[in-house]
Amino acid sequence: MNYISTRGNVGEVGFIDAVLMGLADDGGLLIPKQIPRLSEAELTSWSKLDYKGLALEIFSRYINEEIPQDELKELIEASYSTFRDSDITPVRKLNDNSYVLELFHGPTFAFKDVALQFLGNLYSYIARKRNSIINILGATSGDTGASAIEGVRGKEGIRISILHPHQRVSKVQELQMTTVDDANVLNLAVKGNFDDCQTLIKELFADVEFKNKYHLRAINSINFARILAQTVYYFFAYFQVTADAPGEKVNFSVPTGNFGDIFAGYLAKQMGLPVNKLILATNENNILERFIKEGVYQPGEFHITHSPSMDIQIASNFERYLFYLYNEDASQVADLMRQFKTEGKIVIDSEKLKQVQADFAAHGVKNDECLDAIRTTYESTGYLLDPHTACGIAASSPYTGSDELTVTLATAHPAKFDESIQLVNIKQEFPVQISQLFDKPQYQTVVEHSKADVVEHIVKLYQA
Ligand SMILES: *Cc1c(COP(=O)(O)O)cnc(C)c1O
């Protein structure tokens with residue numbers, strides 16, 4: 001499988017080069033040249049596979065023989081043996097129409113581990129195979145950083161710097177990142193918000209000379225390997241719930257920030273998984289809800305919410321969807337992105353809007369609604385949602401017909417966001433891996449929201 005850019009100005013590259021490139025050199029995003037389509041027979045045979053077996057089938061369609069099958073199998077084995085549940089991403093039934101897909105059984109208790117445990121091992125594999133230096137640079141609204149660090153800490157040939165918004169991540173997220181003392185890890189706490197961090201990273205990656213000089217590699221969800229890893233659980237969950245209820249229409253409700261996770265669902269659907277509705281749940285930072293309802297993609301006012309990992313205005317994976325919305329016409333995507341840069345918004349016509357609404361439903365969940373979902377779900381089922389998953393549950397109700405069922409992606413363990421759980425007066429027990437963090441020393445450097453400051457610190461690490 002070869003990969004091309006959504007903006008059409010990068011020559012085709014193979015899977016490993018696509019992983020190494022991260023953001024495409026023309027500023028676009030890399031996507032497979034052709035989405036593999038599955039036959040009915042393949043789908044049926046996949047329905048009997050376990051998580052790792054499914055991952056192997058799906059990954060090999062996108063990697064072909066670039067990584068030999070036995071080595072790919074080892075990578076998958078290593079990546080998912082760190083999960084605490086034997087199903088990797090188990091599905092739990094809340095009531096007749098509602099399931100949650102628990103994606104938080106990896107090392108950092110958030111769904112990011114599903115992709116980043118794999119990407120960490122993949123980078124390590126590439127470093128060995130190609131004898132190349134891997135210097136990872138990423139921005140995080142909280143979960144990615146911890147997960148990426150956990151994926152590569154202590155690994156030979158890899159160094160990682162992660163920017164997070166200073167004091168704007170949850171306490172547990174901060175501790176998960178900053179209590180790591182491996183020499184290949186640097187935490188920069190930037191005085192600003194997540195979009196400031198992401199913009200800094202985008203600028204550094206867009207400077208191709210700088211990127212090449214320091215062998216910069218991305219860990220953000222712009223990396224196609226992450227999207228790929230996340231398609232697996234859509235298949236897995238679909239097969240699990242339809243085994244219980246054959247022929248049922250299955251929706252997915254996805255707590256969304258950068259549009260990576262839900263794009264993986266869109267990709268699974270394009271591959272042939274018979275997903276009914278993809279429900280996009282946002283919080284009060286609802287640029288994507290407005291786009292889906294009104295056809296205007298334009299950042300609004302920034303809100304601090306109970307679901308900080310979704311406090312995002314510019315969804316970095318959105319461009320991938322635009323590419324398919326515009327029938328894989330890269331020049332139109334390039335025009336739209338140019339328009340976004342100069343005018344600060346993208347407006348689509350009514351015909352395209354119809355297509356968007358056929359692809360997605362959307363709901364922006366208000367802060368109170370989020371807390372209500374935590375409270376009422378706990379009262380009626382005894383199940384404790386984290387505030388991100390609660391947005392997914394709140395968004396799922398209006399869109400789940402009585403003859404349908406909705407799987408809500410549970411993107412984090414509630415212990416990561418105890419600040420919000422306390423607001424509904426629920427007392428939770430922390431898993432021991434989390435309670436231990438509070439006694440450990442922290443390692444982080446606070447920097448101004450300035451490119452020069454960031455560069456100074458990361459260059460020091462990368463030259464070490
Ligand atoms: C990252 C994250 C999200 C958003 O996922 P995207 O792929 O950015 O849309 C939602 N919930 C949690 C807990 C996250 O960490």
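**Ligand shell and a salt bridge**

Mentor: The shell around the ligand divides into five nonpolar residues, seven polar and three charged. This is a predicted model, where local features need pLDDT of at least 70, side-chain atom pairs count only at pLDDT 80 or more, and totals for chains, interfaces and linings use all residues. Residues are numbered from 1 along each chain as its sequence is written, and side-chain values use heavy atoms, without hydrogens and water.

Trainee: Which residues come nearest to the ligand?

Mentor: Lys-112, Asp-143, Gly-257, Asn-258 and Thr-411, of the 15 around the ligand.

Trainee: How far is the Lys-112 side chain from a ligand oxygen?

Mentor: An N or O atom in that side chain is 2.6 Å from an oxygen atom of the ligand.

Trainee: And what about the backbone of Asn-258?

Mentor: A backbone N or O atom of Asn-258 is 2.8 Å from a ligand oxygen. For Phe-259, a polar backbone atom lies 3.1 Å from an oxygen atom of the ligand.

Trainee: Other topic. How many salt bridges are there?

Mentor: The count is 19, taking a side-chain nitrogen of Lys or Arg within 4 Å of a carboxyl oxygen of Asp or Glu. One of them joins Asp-25 and Lys-211, at 3.2 Å from N to O.

Trainee: What does that pair tie together?

Mentor: Asp-25 is in the loop between α1 (15–21) and β2 (30–32) and Lys-211 is in helix α9 (residues 208–213), so the pair ties together parts 186 residues apart in sequence.

Notes. Near = heavy atom within 4 Å. Polar contact = N/O pair within 3.5 Å; in protein donor to acceptor, adjacent residues only side chain to side chain. Nonpolar A, V, L, I, M, F, W, Y, C, P; charged D, E, K, R; others polar. Helix = DSSP H or I, 4+ residues; strand = E, 2+ residues; numbered from the N terminus.
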